[in-house]
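Let's take a friendly walk through a protein model together. Have a look at the picture and turn it around before reading on.

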Amino acid sequence: MTNLSTFTDLGVDEPIRRVLAARGYDTPTPIQVRAIPLLLDGEDVIGIAQTGTGKTAAFALPIVQQLSLGQRRREARALILAPTRELAAQIADSFAAYGKNSGLRVSVIFGGVPQRRQTDRLRRGVDIVVATPGRLLDLVAQGHLDLGFVEHLVLDEADRMLDMGFIPDVRKIIRALPRDRQSLLFSATMPPEVTRLAREILHEPTRIDIAPKAVTVAAIRQTVHFVEGPGKFGLLCDLMADESFSRVIAFTRTKRRADRVAKQLAKAGIACEAIHGDKAQNARQRALESFRQGRVRVLVATDIAARGIDVTGVSHVVNFDLPNEAEVYVHRIGRTARAGAGGAAISFCDSSERDYLRAINALIRKPIAVEGGTMPPRVAAPESPRGGKPAGPRRRNNRPRRRGDHANRAA
Ligand code: AMP
């Protein structure tokens with residue numbers, strides 16, 4: 001199977017192949033090679049993969065193809081759940097692009113903006129809904145959307161859903177879906193709660209593991225500077241004096257720190273924007289667009305706001321603060337190696353963060369090269385801003401899910 005090397009070999013139809021050719025997708029990525037034939041066969045799949053691997057197309061192409069062959073209705077036949085507005089918007093854009101020649105209607109639903117435009121759109125009829133869980137439940141409760149016709153469910157970035165406390169909402173949504181459906185779950189990591197959720201919602205899934213835990217994107221040059229808190233900002237300014245730092249994402253641990261760093265950068269004459277969960281949706285989109293178009297050099301971001309940011313040509317990722325979960329480090333630095341490009345990741349580590357660094361080094365199985373300073377003595381690590389993970393309900397999957405005729409229908 002893995003030596004299949006064209007979209008034609010994978011079973012992708014001509015109208016979609018035309019779109020792919022226009023976007024310059026010559027060769028399927030590894031997750032696409034593995035997932036597309038399975039999904040076209042109607043299988044359930046767990047994909048362990050990070051953003052940047054091409055996973056959106058891996059699930060979107062087979063769904064578009066199956067829906068364009070199926071019977072048209074006014075109601076949603078595919079539902080994609082994503083943890084953040086940015087990711088939802090991006091997935092919806094991908095579906096709109098891939099489905100361009102199939103006439104499929106895509107709606108995106110997320111909170112933080114008035115719901116009117118979203119409900120107007122739903123009223124006109126829809127084939128594919130991409131949504132964050134909270135607003136979706138609101139619209140369902142108000143009768144704007146019937147989930148009773150969903151044939152394809154995708155849970156994207158399930159581990160992030162867990163971190164953000166969305167799993168109870170996800171379970172509510174699942175209960176409103178037909179049991180006879182194709183279900184897909186994508187996650188960069190598989191904490192126990194996500195494994196349990198997968199067991200509840202997927203039927204005999206095939207597991208595709210594209211991002212082995214121990215591997216960091218090899219093309220990224222990674223370095224660490226040991227620097228105490230007050231020195232971090234000066235170091236960032238020193239780095240920014242180098243013009244090769246042309247498009248930089250700087251990650252901070254909290255929203256307040258993101259705002260503070262952005263303010264300091266602006267004062268130092270460096271064009272920047274901050275993006276985090278307290279900013280209104282349109283402010284976030286505006287900031288992202290300025291960054292994408294090169295009007296600002298630095299995007300200062302928290303992890304949650306940065307989910308799903310898909311900007312090409314990011315020259316450097318700066319970990320202004322180290323993340324308290326090692327996997328998050330891999331996510332962050334992946335922003336600078338979109339679709340196989342190289343890049344650099346520079347991490348600042350103070351004495352309260354040295355345990356985080358140890359955990360990252362253990363995960364990537366190779367210590368990050370030290371570029372400046374010396375390992376500081378240990379002090380207590382700062383509190384997690386999210387205050388730990390929600391426990392979530394414990395529910396046993398004691399009813400085997402009945403399968404219908406997806407495989408036949410997709411053939
Ligand atoms: P994703 O992992 O879905 O966030 O995709 C990462 C990036 O890779 C996006 O910018 C996609 O547009 C791009 N991409 C996806 N599949 C391919 C492909 N087969 N060839 C080239 N680029 C791709």
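The shell of residues around the ligand is a mix: four nonpolar, eight polar and three charged. Keep in mind that you are looking at a predicted model.

**Around the ligand**

How many residues surround the ligand, and which are the closest? There are 15 of them, and the closest are Tyr25, Gln32, Gly52, Gly54 and Thr56. Some polar atoms of the protein lie beside oxygen atoms of the ligand, and the table lists three such pairs.

| Residue | Protein atom | Distance to a ligand oxygen atom |
|---|---|---|
| Tyr25 | polar side-chain atom | 2.4 Å |
| Thr53 | polar backbone atom | 3.0 Å |
| Lys55 | backbone N or O atom | 3.3 Å |

How much of the ligand does the protein bury? On its own, the ligand would expose 500 Å², and 84% of that is buried by the protein.

**The sheet from E1 to E7**

Now find the open sheet built from seven strands with parallel pairing. Going across it, you meet the strands in the order E3-E4-E2-E5-E6-E1-E7. At the edges are strand E3 (106-109) and strand E7 (206-209), each of which pairs on one side only. From one strand to the next, the twist averages 15°.

Let's zoom in on one pair. Strand E2 (residues 78-81) and strand E5 (residues 152-155) run parallel and are joined by four bridges. Which residue of E5 is the bridge partner of Leu79? That partner is Leu153.

Helices pack on this sheet too. Helix H4 (residues 85-98) touches E2, E3 and strand E4 (128-131), and its direction makes about 180° with that of E3. Helix H2 (residues 30-40) lies across strand E1 (45-48), strand E6 (182-187) and E7, and runs at about 165° to E7.

**The sheet from E8 to E14**

Further along the chain numbering comes another open sheet of seven strands, again with parallel pairing. Its order reads E10-E11-E9-E12-E13-E8-E14. Why is one side of strand E10 (272-275) and of strand E14 (369-372) left without a neighbour in the sheet? Both stand at the edges with a single partner strand each, so there is no neighbour on the other side. On average, neighbouring strands here are turned by 25° against each other, direction ignored.

In this sheet, four bridges link strand E9 (residues 248-251) with strand E12 (residues 316-319), and the two run parallel. Look for Val248, which stands opposite His316 in E12. Packed on the sheet is helix H10 (residues 229-240), which touches strand E8 (220-226), E9, strand E11 (298-301), E12 and strand E13 (343-349). The direction of H10 makes about 160° with that of E13.

Technical notes: Residues numbered from 1 in each chain as written. Predicted model: local features only at pLDDT ≥ 70, side-chain atom pairs only at ≥ 80, totals over all residues. Heavy atoms only, no water. Pairing = 2+ DSSP bridges. Axes fitted to C-alpha atoms, helices over the stretch in contact; angles between N-to-C directions. Contact = heavy atoms within 4.5 Å. Near = heavy atom within 4 Å. Polar contact = N/O pair within 3.5 Å; in protein donor to acceptor, adjacent residues only side chain to side chain. Areas by Shrake-Rupley, 256 points an atom, 1.4 Å probe, with all protein chains shown as cover. Nonpolar A, V, L, I, M, F, W, Y, C, P; charged D, E, K, R; others polar.
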